[in-house]
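This report covers nonpolar packing and aromatic contacts in one protein model. The sequence and structure come first.

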Amino acid sequence: MIDLERIRSAPQEVRANLERRGDSRFLELFESVRTSDETWRQVHGEADRLRRRRNELSRVLAEARKQGEAREAERAEAAEIPAALDTLEARETLLQETRDQALLRLPNLMDPTVPVGKDDTENVVVSRWGEPPARSFPRLGHAELAEALGGADFERARRQSGAGFYYLLGDLALMDLALQRFALDLLVERGFVPVLPPLALHRKPYEGVVDLGDFENVMYRVEGEDLYLIATSEHPLVARFAGEILEEESLPLKFVGLSQNFRKEIGGHGVDQKGTFRVHQFSKVEQVVFCAPEDSPRLHEELRANAEEVFRRLRVPYRVVNVCTGDLGTVAAKKYDIEAYFARQEAYREVVSCSNCTDYQARRLKIRMGKAGRPDKLVPHTLNSTAVATSRGLAVILENYQQEDGSLVVPEVLRPYLGGRERLGPGPRGAV
RNA sequence: GCUGAGGUAGCCUAGCCUGGUAGGGCGCCGGUCUUGAAAACCGGUGGCGUUCCGCCUCGGGAGUUCAAAUCUCCCCCUCAGCGCCA
């Protein structure tokens, strides 16, 4: 959430930033924060003065009791206070709740380098790597090839679990694990601490890391429990330190999370299309960083470079886009997407999302940095980036590495994880 | 799930029976002293506000009272033992 202090001290600057998002609801929320905060401060002051008087009288009466005096006037005045204070405190609480709820719904302030645009068609390409392969033969879609190789069962998954779920089988199951392990090893080598997180979180910590609308549109809730299945390991990794003070000298903290991810994807398109591209469940290796505010732009570039390295080593062509104002989510101040080239679709599709969330998540979660017991504490920044999501990683490999004879060449960097196999299918040495 | 013990500031702990400004220790920061450091001593060490001042904070909420860490009720969480269990 946005620092309330910043809204008070530089309201026009904050307002102008919110205006760039082009959604008038945010401006209404902003005004609601300002007016309720102003009134709250008045009422809070009044209540403070009344409590002060009560404390004064309380001291007088305590002293009087010791001396055996009656002090009827003071006692009568003190007896008036609770009712008056109740009224004021009720207003105080209501105003504070109004303010905080509006504040919680305000999106993060955007970095000045975020390009202006209405939606994802106006994201700005900032770099490219690799050449799209020549169109030498008619390619199968990734789902068709996966089935032909005996590496996936979409039909029965749909029957038992519904569209958006899948069985991975045989060598493709192993390749999914190979992708995870490949990305994990790369990041561990670069100093990230691997984490296998809980796959469900309570609502309270979850509210700290996502847009509140995600509870309806994205997350699966466990019936009868205060538990939500995670949509990405970013969520448990960031929420892990809620309410804590991070030792300044220990920053930046770098983690690589590995988990299954669950998403309802309500309102999205393509869940009903066969395949693994847009699904309700997938594995993902995710980078998460906590750092000092001044370091976050540098680390954002570092996370992006790591994610790019994953696709370079897989030899999958890609481009990087700077996500524009109209397409940026609630939480990020700046976001790069990496879009890989899918040879069958002959199009770039999103495979990585790399965000600098600045202090937005940390402030919601009450994470601070500094020395325990010292007052000069700051709010750290959090960043996250996909390293690889296997659902899309497998899909792009199936499209790009497929051969005219219906076999699939294994990307060189994955071979060590697949017993040296260079090719899957067709025929007896095939997948299943 | 059952029983018991707990929850006090960054950490540990006293206060609770008997209501009246939450005390001490550790750690950390600053100061005195020192060539430097340690030790010793002094001060500081949470949140909010209209910040030379005041208010709030003892797991959360409600109640009794002029006044609640303290008394009453409800809830949450942690730990230990037992039960169940991959």
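The text below describes the cores, the aromatic pairs, the charges over rings and one helix.

The model is predicted. In soluble globular proteins, nonpolar side chains tend to be buried together.

**Nonpolar cores**

The largest nonpolar core has 57 residues, and the members that touch the most others are Met175, Phe311, Leu314, Ile397, Leu408 and Leu414. Helix 7 (residues 170-189) supplies the largest share of this core, 9 residues. Leaving aside residues up to four places away in sequence, Met175 touches Leu394, Ile397, Leu408, Val410, Pro411, Leu414, Leu418 and Leu424. Another core, of 28 residues, lies apart from the one around Met175; Leu237, Phe255, Val288 and Ala292 are among its members.

**Aromatic pairs**

How many aromatic pairs does the structure hold? There are 9. Two of them are listed here.

| Pair | Centre to centre | Angle between planes | Geometry |
|---|---|---|---|
| Phe255 and Phe290 | 6.3 Å | 85° | edge-to-face |
| Phe277 and Phe342 | 5.6 Å | 80° | edge-to-face |

Phe255 belongs to strand 8 (residues 253-262) and Phe290 to strand 9 (residues 281-291), so their pairing ties together parts that are 35 residues apart in sequence. Both Phe255 and Phe290 are buried.

Phe277 sits in the loop between strand 8 and strand 9, while Phe342 is in strand 11 (residues 334-342); this pair therefore ties together parts that are 65 residues apart in sequence. Phe277 counts as buried because its relative accessible area is 15%, and the cut-off is under 20%. Phe342 is buried too, with a relative accessible area of 0%.

One aromatic cluster is formed by Tyr206, Phe215 and Tyr228.

**Charges over rings**

Phe215 also has Arg203 over its face, at 3.9 Å from the ring centre. Elsewhere, Arg99 lies over the face of Trp40, at 4.6 Å from the ring centre.

**Helix 11**

Does the length of helix 11 agree or disagree with the expected span? Helix 11 (residues 296-313) has 18 residues, which at 1.5 Å a residue should span 26 Å; the end C-alpha atoms are 26 Å apart, so the two agree. Its buried residues include Leu299, Leu303, Ala307, Val310 and Phe311. Polar or charged names also occur in that buried set, including Ser296, His300, Arg304, Asn306 and Glu308. Phe311 is in addition one of the residues that touch the most other members of the largest nonpolar core. Just after helix 11, Arg315 has a positive phi of about 55°.

Methods:
Residues numbered from 1 in each chain as written. Chains lettered and ligands numbered in written order. Predicted model: local features only at pLDDT ≥ 70, side-chain atom pairs only at ≥ 80, totals over all residues. Heavy atoms only, no water. Core = buried A, V, L, I, M, F, W, Y, C linked by side-chain atoms within 4.5 Å. Buried < 20%, exposed > 50% of the residue type's maximum accessible area, 1.4 Å probe, protein only. Helix = DSSP H or I, 4+ residues; strand = E, 2+ residues; numbered from the N terminus. Contact = heavy atoms within 4.5 Å. Phe/Tyr/Trp six-rings, centres within 6.5 Å; stacked < 30°, edge-to-face > 60°. Lys NZ or Arg CZ within 6 Å of the ring centre and 35° of its normal. Expected span 1.5 Å × (residues − 1).
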